[in-house]
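Here are my notes on this entry, set out as numbered points for you to check against the coordinates. They begin with a helix and its surroundings and then turn to a sheet.

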Amino acid sequence: MRNPPVNSLSLEFLTELLISLEKLENDKTFHGIIITSDCPGIFSAGLDLTEMCGRDPEHYAEYWKAVQEMWLRFYLSNLVVIAAINGVSPAGGCLLSLTCDYRVLANNPKYAIGLNETLLGIVAPFWFKDTLVNTIGHRSAERALQLGLLFPPAEALRVGVVDQVVPEDQVQSTARLVMAQWLDIPDHARQLTKTLMRKPTADRLLTERDADIQNFVRFICKDSIQKSLHAYLEKLKQKKG
Ligand SMILES: CC/C=C\C/C=C\C/C=C\CC/C=C/CC(=O)SCCNC(=O)CCNC(=O)[C@H](O)C(C)(C)COP(=O)(O)OP(=O)(O)OC[C@H]1O[C@@H](n2cnc3c(N)ncnc32)[C@H](O)[C@@H]1OP(=O)(O)O
């Protein structure tokens, strides 16, 4: 991913990601992809806050549809998808990595990962929650979501948000080793098993997709939510000085 400075998932970047995924899926010589970041120290800052602030309801609806599409397409991809997480990965960045089949995280105490939405005064939607529950179990997910926990590497491994923590200079090579192991499995059997495991979760969003968009638009348009998001963005900007 190369969307400097922080790989935020803007509408444009989400569209590019989806086009890239589709191209790779349609090219039958590809069987797996590794998602990693070209922005030093940042895997992805998550959803682009500027897409959710000070825009009109039509824009929010279009943006949310793209976020849903990203999740559905990556979560259900027939390719083996591995996240080589070489930086901090909050909220939507964590969600993207949770859609993958396997997560390798660099062992750097600055690289926290988690769904921290509550810290911004917003609520992780049910499909973010379901993806986390499917990964780390109900109790750990409940605690992580309510507290908006961002896990440093050792904690992330302990709770199961990531599958492996390795020295920073070994993230890519480890992801490639893991990929080789996954590609050794007969592809049709692996793909069907993935679908079996994930389809019920994806179906829940597919059947409630329009209602979910309406919910998001209603929620994000609230004055109190807009104020929280503006304040959070301002805090990020002021951090610099
Ligand atoms: C009852 C309700 C029922 C249902 C609910 C219905 C719907 C649900 C509603 C809402 C859900 C919405 C879900 C959202 C999920 C998300 O992903 S929200 C985004 C969360 N992301 C973050 O909290 C990360 C914020 N960023 C940071 O912490 C830091 O920037 C980071 C550690 C990533 C990097 O730090 P650093 O290297 O120091 O860089 P800067 O902080 O200086 O940032 C550089 C510039 O980038 C801008 N920026 C950072 N993050 C974002 C972002 N996510 N979006 C847009 N822009 C971002 C930052 O402002 C700087 O800009 P500047 O250079 O100052 O112009």
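**Notes on the predicted model**

1. The buried residues of H9 pack against three partners, namely helix H2 (57-75), H8 and helix H10 (223-238). Please keep in mind throughout that this is a predicted model.

2. The residues of H9 that are buried include Asp 212, Phe 216 and Ile 220. Because they cover an arc of only 55 degrees around the axis, they lie on the same side of H9. Asp 210, Ala 211 and Arg 218, by contrast, are exposed on the other side of H9.

3. As to its dimensions, helix H9 comprises 13 residues, 209-221, and its span of 18 Å from first to last C-alpha is close to the 18 Å expected at 1.5 Å a residue.

4. Helix H8, one of the elements against which H9 packs, runs over residues 187-207 and, with 21 residues, reaches 28 Å from its first C-alpha to its last, which is close to the expected 30 Å. There is a bend of about 50 degrees in H8 at Arg 198, and a proline, Pro 200, follows within four residues.

5. Turning to the sheet, four strands form an open arrangement in the order S1-S3-S5-S7, and their pairing is parallel. Strand S1 (32-35) and strand S7 (164-166) each have a single partner strand, so that one side of each, at the edges, is left without a neighbour in the sheet. On average, neighbouring strands of this sheet are turned by 20 degrees against each other, direction ignored.

6. Strand S5 (residues 102-106) runs parallel to S7 and is joined to that strand by three bridges; Val 104 has Gln 164 in S7 as its bridge partner.

Notes
Residues numbered from 1 in each chain as written. Predicted model: local features only at pLDDT ≥ 70, side-chain atom pairs only at ≥ 80, totals over all residues. Pairing = 2+ DSSP bridges. Helix = DSSP H or I, 4+ residues; strand = E, 2+ residues; numbered from the N terminus. Axes fitted to C-alpha atoms, helices over the stretch in contact; angles between N-to-C directions. Expected span 1.5 Å × (residues − 1). Bend = angle between axes of the 7 residues up to and from the residue. Buried ≥ 20, exposed ≤ 12 C-beta atoms within 10 Å, placed from the backbone. Arc of directions from axis to C-beta. Contact = placed C-beta atoms within 7 Å.
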